[in-house]
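Here are a few exercises to work through with the model open beside you. Try each task on your own before you read its solution.

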Amino acid sequence: MDITGYTLVRDDSGNIAISSGIRDEGSQTEPSTASLELGNGDGRFSPRNPSGPYYGMIGRNTPFRVSVPDGMGGKSYRLWGEASEWAPGWDTSGSDVWTDVSVSGVLRRLAQAPAPERSVIYTAITDPQPTGLVAYWPCEDPTGSVSLASALATGSAMHWSGIPTLASYSGFAASDPLPDLTTATMSGGVPKYDDPTASQVRFLACIPADGLSDGKVLCAIDQVDYGGAKFWELYYDATSRSLVLRQHNLDGSLMGVTLPHTLDVRGRLLYVSVELQENGTGTDRAVRLVDVNTRTVYSVTDTTASTQLTRVTRVQFGPASRSVVGPVGAAYLPGVAVGHVTVENQITAVDALGVRINPIGETAGRRVQRLCAEQGLGFEWIGDLDDTAAMGAQARSNLLSLVQECALADGGMLYETRSGLGLGYRTRSSLYNQDPVLTLDYAAGQLRGDQVPVPVEDDRYLQNKVTITVNGVSQTYEDTSSTLSTQPPPAGVGEYGQEYTLNLASTDTDTLLDQAAWRVHLGTVDEARYPQIGVNLAHSSITPDMRRAVIGMRIGDRIQIVNPPAWLPPDVIDQLVLGMSETITRFEHRVTFTCAPASPYTVGYLDSAAARVDTDGSQLLSAIGSSDTILYVAPSPGMSTLWTTDSAETPWDIRVGGEVMRVTAVTPSVRDTFSRTTSNGWGTADTGQPWSVTGSAADFAVGSGYGSVTQPSTGIAHLTTIAASSADTDLYADVATSALATGASLFGGPVIRAVDNNNWYMARVEFTTANTIVLSLRKRVSGVETELAAITTALTHVAGAFYRVRIQAVGAALKARIWTATDTEPGSWHVMATDSSLTSSATVGTRSFSGAGNTNVSPQLRFANFQLISPQTFTVVRSVNGVVKAQQAGSDVRLAHPTILAL
């Protein structure tokens with residue numbers, strides 16, 4: 001019934017107030033609520049007023065709907081719920097009579113629902129009950145029971161002889177504990193029913209890993225004697241390690257041939273199906289074994305002649321064989337567990353139970369869908385339900401607990417549907433990389449004047465150390481390096497730990513660490529949050545399209561605010577909607593969105609062309625003015641990762657001190673390919689710095705793609721130097737000789753922190769007369785040379801061949817390695833040392849000489865592909881986000897929009 005006309009929306013008091021989704025400061029979806037006043041002058045909204053026209057029609061949990069025009073001639077439902085409270089009221093004169101009504105979404109009722117009485121598979125078998133089901137024994141009876149109860153009102157209990165171990169086997173995730181047959185034979189009588197044309201017996205069974213004795217009967221099936229087959233035995237064959245079906249006369253003689261299976265059943269969790277179907281003058285037989293863990297079906301079938309089916313009278317487990325031929329087993333099957341035994345008079349699909357035979361591995365989205373369907377509750381979804389987390393076993397909990405467990409495992413969002421009374425689920429992956437559903441312009445006045453978005457810098461959702469536990473297995477991920485890391489302030493914020501117990505299918509280390517790392521990622525978003533964003537749909541700035549977008553917003557949708565005021569950061573305010581509250585009066589419809597930053601859900605994949613992964617940490621080497629477009633950037637202390645120099649990857653945006661800059665080129669701070677021709681020196685490097693030489697200028701030249709240093713005499717060191725921007729360096733240089741060394745060695749290699757020919761560090765390459773190559777780290781301080789580390793490499797010296805040397809210095813740590821220039825760089829350093837004698841000079845270059853006793857005539861040391869890869873030179877466009885400022889040396893440099901890998 002439409003009660004719009006009775007709704008009191010007054011000018012000075014009274015309104016319709018609605019809330020839904022996640023409240024500010026909340027962590028999960030709460031029941032939607034609505035409050036409103038209804039005119040009650042004739043008592044129609046007094047539930048217990050027998051004179052009221054709605055008497056007997058309203059009361060607790062009366063369905064309620066609230067809608068507004070959708071702007072397209074229809075309705076937009078704002079809430080679909082149930083009345084949780086009716087509170088009549090009146091003024092002292094009795095002329096103003098009303099009823100305050102509180103309405104709640106379905107989550108309120110679901111939260112109070114009891115846990116299910118039965119296991120998952122029990123419910124799957126009986127709800128709905130198959131039309132052909134004539135007997136069912138769940139076998140979930142507790143220890144101390146004297147029989148196994150039938151689940152059917154018309155059924156009789158299953159009894160045993162001997163001693164079973166009840167409720168002792170818990171390996172089937174969908175079932176309560178089942179009995180181990182131990183030293184018992186179980187027997188269940190089947191109530192009388194009309195003779196069928198088909199008989200089907202199914203049950204769960206666990207066979208021990210070491211198998212059974214030959215001929216042991218797992219299950220015997222008896223039917224009414226008519227002069228044909230009297231009973232069937234499904235027994236274990238020790239040779240095939242599988243099961244065999246045979247049929248017998250009353251005297252135990254074999255009728256026809258056996259039906260052997262081939263699947264090795266040892267150690268498997270099985271759902272066993274024996275199927276018999278009359279087919280003309282014969283009977284079709286099938287034994288189907290379902291591997292419960294994989295839900296793979298393995299079947300064998302045949303057709304036997306002249307076997308009439310009558311009704312099944314009894315099923316037994318672990319009996320002594322009654323066969324007089326073939327392998328004959330004694331009674332009892334210790335270590336075998338059975339349960340959920342059904343007898344049917346029709347053949348049904350063996351996979352009819354679906355995932356409910358073993359819910360482990362069911363995706364979170366599909367589980368929510370299934371659970372709602374089982375409860376007759378409406379369900380809708382956003383995203384791909386199959387692209388959600390793989391769940392573990394389904395506990396015996398109420399519906400709300402189970403669906404919340406799914407949302408927690410997947411990281412998506414539950415919500416109450418507005419199209420009907422029901423639940424919805426938004427998958428985590430549907431939150432990724434969304435386009436904005438609504439864009440509001442602050443400068444255009446499109447936000448509520450009484451609720452300006454206010455940024456909040458707090459630790460409400462901060463979590464930088466997360467432990468995930470699944471089935472008792474735990475893994476922890478910790479952020480130790482970001483600005484919100486577990487390091488003590490000011491390097492970080494200290495430890496904010498959180499522990500989650502999740503119901504996942506897997507306990508492997510990578511799965512648990514991925515889950516923990518994702519939650520740390522969500523908990524270390526280094527930006528302000530805007531908890532409340534308000535819109536008044538009656539404001540003149542709200543266009544019809546914007547109004548439709550506002551009332552169409554769903555939980556998890558993306559909302560942006562452009563042109564924020566000057567006192568806020570200039571970036572677009574980018575948020576996800578977690579919930580909303582609405583106030584509807586006679587003249588206004590105000591909507592307030594509860595929000596959280598959207599940036600954590602901007603994710604990528606490593607094989608995507610748009611993917612950009614940040615470095616471990618970078619910083620400015622020197623201060624820059626507000627208009628400088630050349631930056632010198634180096635790894636932060638303790639870090640070594642460099643930025644790509646591939647021009648095909650540009651441009652990209654970086655953030656430095658709150659300013660966004662667009663990088664158009666990255667080059668080594670010094671690079672020289674020696675692609676020029678110069679004599680009496682080395683001229684100018686490709687990156688513009690001039691080379692200085694120490695020694696006779698005539699000994700230095702450039703040509704043929706390398707810089708050469710001729711050694712006219714022995715023992716005279718030649719030095720080339722070029723200015724660098726930092727004493728911490730990472731330098732490559734190729735080195736070669738014009739001839740094999742004779743008489744004594746030839747020497748050459750790159751130098752760093754060079755002050756002059758008497759003060760430097762060097763990665764010295766010695767080319768010996770035995771054609772071996774020795775690499776050493778050396779220093780010279782005030783003319784005194786010291787070897788810090790050395791290695792005789794496995795390389796063989798070839799005249800004219802270049803060998804690539806890399807030397808790295810970070811603080812006092814020195815490292816070097818060498819390899820043939822045409823080969824791949826090795827992953828390990830050949831020589832390492834720690835020394836702090838030289839720390840300040842930022843000059844790099846080469847040094848070479850001919851050793852005393854060398855007999856080569858004017859040999860050359862040649863150098864090529866000289867690259868100082870760190871620090872790096874950035875060419876940038878400034879103030880992309882409108883921030884104009886100078887930047888200090890040491891300022892953090894990072895991607896403005898790094899790619900975050902999806903969970």
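**Exercise 1.** Work out how strand 20 and strand 21 are paired, and find a residue pair that shows it.

*Solution.* Keep in mind that this is a predicted model. Start with strand 21, which covers residues 422-426. Between strand 20 and strand 21 there are four bridges, and the pairing is antiparallel. Now pick one residue: Met413 sits opposite Arg426 of strand 21.

**Exercise 2.** Put the strands of this sheet in order, and explain why strand 19 and strand 20 each have a side without a neighbour in the sheet.

*Solution.* Step one: the sheet is open and has three strands, in the order 19-21-20, with mixed pairing. Step two: strand 19 (378-382) and strand 20 (413-416) are the edge strands. Each has a single partner strand, so one side of each has no neighbour in the sheet. Step three: check the twist. On average, neighbouring strands here are turned by 25° against each other, ignoring direction.

**Exercise 3.** Find which strands helix 3 and helix 4 lie across, and at what angles they run.

*Solution.* Take helix 3 to begin with, residues 364-374: it lies across strand 19, strand 20 and strand 21. Its direction makes an angle of about 165° with strand 19. Next comes helix 4, residues 399-410, which lies across strand 20 and strand 21. Helix 4 runs at about 10° to strand 21.

**Exercise 4.** Trace the pairings of strand 32 and name a residue pair for each.

*Solution.* Strand 32 spans residues 630-635 and is joined to strand 31 (residues 618-620) by three bridges, running antiparallel. For a pair, look at Gln619, which faces Ala634 in strand 32. Strand 32 also pairs with strand 49 (residues 860-877), again antiparallel, over four bridges. Here Leu631 has Phe874 of strand 49 as its bridge partner.

**Exercise 5.** Decide whether Val324 and Ala395 are buried, partly exposed or exposed, and say where each one sits.

*Solution.* Val324 lies in the loop between strand 17 (312-317) and strand 18 (337-344). Its relative accessibility is 55%, and the cut-off for exposed is over 50%, so Val324 counts as exposed. Together with Leu254 and Val325, Val324 makes a nonpolar surface patch of about 220 Å².

Ala395 belongs to the loop between strand 19 and helix 4. At 37% relative accessibility, Ala395 counts as partly exposed. To finish, locate Gly144: it is 251 residues from Ala395 along the chain, and their C-alpha atoms are 24 Å apart.

Note on methods. Residues are numbered from 1 along each chain as its sequence is written. This is a predicted model: local features need pLDDT of at least 70, side-chain atom pairs count only at pLDDT 80 or more; totals for chains, interfaces and linings use all residues. Side-chain values use heavy atoms; hydrogens and water are left out. Patches are made of residues with over 30% relative accessible area and no salt bridge: like charges are joined within 9 Å, nonpolar side chains (Val, Leu, Ile, Met, Phe, Trp, Tyr) within 5 Å. Accessible areas come from the Shrake-Rupley method with a 1.4 Å probe; for residues, only the protein chains shown count as cover. A salt bridge is a side-chain nitrogen of Lys or Arg within 4 Å of a carboxyl oxygen of Asp or Glu. Helices (H or I, at least four residues) and strands (E, at least two) are DSSP runs, numbered from the N terminus. Buried means under 20% relative accessible area, exposed over 50%, partly exposed in between (1.4 Å probe, protein chains only). Two strands pair if DSSP finds at least two bridges between them. Axes are lines fitted to C-alpha atoms, for helices over the stretch in contact, and angles run from 0 to 180 degrees between N-to-C directions. Contact means heavy atoms within 4.5 Å.
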